[in-house]
Amino acid sequence: MPSATSKQSTLPASWLLSPRKEQRTCPSPGRQQTSLKSTAALSTVSPPSAVKSVRKGPKKDAKAPTPHKKHTPLIPIDPSKKNYNKRITDVLSELSKTEKNIGNQWKAQAYSKAILSISAYPKPLVSGKEAQDLPGVGGSIAKLVQEIIETGTSERVQNEAKDERLQTISMLMRVSGIGPSAAAKFYDELGVRSISDLLHRPLTRHQKIGMKYFNEFEKRIPRAEMDRWQAIIKDVLEDIDDRFVVTIAGSYRRGQDTCGDIDVLLTHPEFTTSSSSDETPNSNHSVLLQLVISRLHEKGYLTDDISLGDVKYMGVCKLPDVPNTEAHIHRRIDIRLSPIDMYWPAVFHSTGSDQFNRWIRSLAAEQGYTLSEYSLRTKDKKSGAVGTPLRISSEEDIFRLLGVEWRAPEQRDW
DNA sequence: CGGACATCGCATCCAG
DNA sequence: CTGGATGCGG
DNA sequence: GTCCG
C-alpha cells in the first residue's frame with residue numbers, strides 16, 4: 001500500500017544497459033522535436049556549481065540574428081544594497097507571514113512584493129505617501145507605512161502577536177506536510193494546541209515524516225555536505241547507466257554557503273517527450289526513476305519516502321554515520337526526472353532564484369515568448385497562441401534566444 | 001469592477 | 001472501484 | 001493587497 005516504498009529491485013529496463021538499443025522512431029507530429037543530437041551537449045554536463053567564477057565584465061558575444069526589437073537592459077541589482085527601511089519591512093514581513101498562515105497566498109505575495117521594492121529604496125522613507133510611488137505599494141500598505149513611521153509598529157501586528165490561534169497555527173505549519181488548511185483544522189476541530197498534541201492525531205504519511213524530523217528539517221545544509229551529496233548521487237547514477245545527466249540545482253548551484261534541501265534534476269538520453277498523443281507506451285521512463293530510488297535505498301542513503309511517481313520523488317536522506325562522530329542530520333531531498341528535451345529549461349527554472357525567474361519571464365513575455373519550467377515558446381501577444389517549443393540544448397540557448405547576456409548561476413542569486 | 005497573481009506531480013479525500 | 005477535487009510543496 | 005483591462 002505504501003506505494004512510496006522501494007519495491008521491486010528487479011526492474012527490467014533492459015535498454016538501460018544497452019546504449020544502442022533502439023532509435024526512437026517518433027513521427028513527431030504536433031509536439032516537440034526530440035533530436036537526440038543534443039546528446040553532444042551532454043558531455044559538457046558538469047554544472048559550474050562549485051566553480052567560483054567571478055566573471056563580471058560583459059562577455060564578447062556575437063549577437064545572433066535575433067528578431068527582437070529592443071534590448072531590455074539588465075536591471076542593476078547591487079549586492080551591497082543597504083535597507084534603509086528595515087523597521088518597515090520587518091513589520092510588513094509579519095503581515096505577509098500571517099496572511100500566508102491564514103491561506104491568503106495572494107495577499108502574502110503582495111506584501112512580499114512591496115517589501116522587495118521598499119528594501120531597494122535608497123533612503124529612509126518619511127511618509128506613507130512617499131512609499132506609495134513604489135511598485136507594489138498601494139493605498140493600504142502606504143497607510144501601514146505611515147503608521148510604522150509614526151509609531152514604530154502596527155497595531156494590527158501587535159494584536160496578531162497576541163492571537164493564540166494564529167500563533168499556534170503558525171507553529172503547526174512548520175511541520176512539513178501541514179499547510180494552512182490542515183493547521184486550521186487541527187486547531188479548530190481537533191483541539192491541537194501544540195506540536196506534541198499532533199502525535200495523537202491522524203496524520204498523513206508526509207506529516208508523520210515531518211514530525212519525525214521536525215528539528216532536523218529546519219537546519220541548513222552546509223555546502224561541504226552538499227558537495228558530498230553531489231558526488232554520491234553522480235556515483236550511484238553512473239553505476240546504473242553512465243548516460244545519466246545530473247544537476248544539483250537550487251541555491252547550491254547558485255553558490256550559496258548553505259541550502260535548505262537537496263534538489264536533484266535528472267535526465268537520460270533515452271527519455272524523450274512522448275512525441276504524440278497516441279500513447280506510445282514506451283514505458284522506458286516509467287521504471288527509470290523507481291530504479292534510481294531503489295538503488296539509493298540499497299546503498300542506504302534514503303531513510304524515508306514522502307512521495308514517488310514516474311517523474312518526481314520527494315524523500316529524506318542521510319549520509320552514512322561514521323563511528324565515534326556526531327550522527328549526520330536527515331535532509332529533505334527531491335529528485336525529478338525530465339525528458340531530455342525539457343531538461344535545460346528545468347535546470348534553468350530550478351536554479352532560480354525566484355526573483356530572477358520572475359524577471360526573466362517578464363522579459364521573455366515582452367519579446368513575444370513564454371518561458372516555463374518545460375520550454376521556451378513563442379507566444380502571440382494578441383491571440384495568446386503559443387508556438388512549438390524552441391530547441392534548447394543548454395542554458396546558454398535560453399539566454400541567447402532572449403537576447404540576454406549570459407549569467408552564471410552565481411549571478412542569479414538575487 | 002473583477003480577474004490575475006505559474007503551474008503541476010503526487011497523496012489523499014470525496015462523490016458517485 | 002474510479003474519476004475528480006483539494007492540499008501541499010517547490 | 002496591488003495591478004490592470
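The legends below describe close-up views of two helices and three strands in a predicted model.

**View 1. Helix α3 crosses helix α5.** Helix α3 spans residues 105-120 and helix α5 spans residues 139-151, and their axes come within 11 Å of each other while crossing at roughly 55°. The two helices are therefore oblique to each other, and the crossing in which α3 passes α5 is right-handed.

**View 2. Side by side, the residues through which α3 and α5 meet.** From α3 the participants are Ala110, Tyr111, Ala114 and Ile118, and they meet Ile141, Leu144 and Val145 of α5. Sorted by class, this contact of α3 with α5 has seven nonpolar residues, with no polar and no charged ones.

**View 3. Strands β5 and β6 form a hairpin.** Strand β5, made up of residues 302-308, pairs with β6 in the antiparallel sense over five bridges, and three residues lie between the two strands of this hairpin. Within the pairing, Ser307 stands opposite Met314, a residue of β6.

**View 4. Strand β6 also pairs with strand β7.** Strand β7, covering residues 331-338, runs antiparallel to β6, and six bridges join the two. One place to look is Val316, whose bridge partner in β7 is Arg332.

**View 5. Strand β6 is mostly covered.** This strand comprises residues 312-317, and five of its six residues are buried. When following a strand by eye, it helps to recall that in a regular strand the side chains alternate between the two faces of the sheet.

How values were computed. Residues numbered from 1 in each chain as written. Chains lettered and ligands numbered in written order. Predicted model: local features only at pLDDT ≥ 70, side-chain atom pairs only at ≥ 80, totals over all residues. Heavy atoms only, no water. Axes fitted to C-alpha atoms, helices over the stretch in contact; angles between N-to-C directions. Helix = DSSP H or I, 4+ residues; strand = E, 2+ residues; numbered from the N terminus. Parallel < 35°, antiparallel > 145°, perpendicular 65-115°, else oblique. Left-handed = near helix turned anticlockwise from the far one by under 90°. Contact = heavy atoms within 4.5 Å. Nonpolar A, V, L, I, M, F, W, Y, C, P; charged D, E, K, R; others polar. Buried < 20%, exposed > 50% of the residue type's maximum accessible area, 1.4 Å probe, protein only. Pairing = 2+ DSSP bridges.
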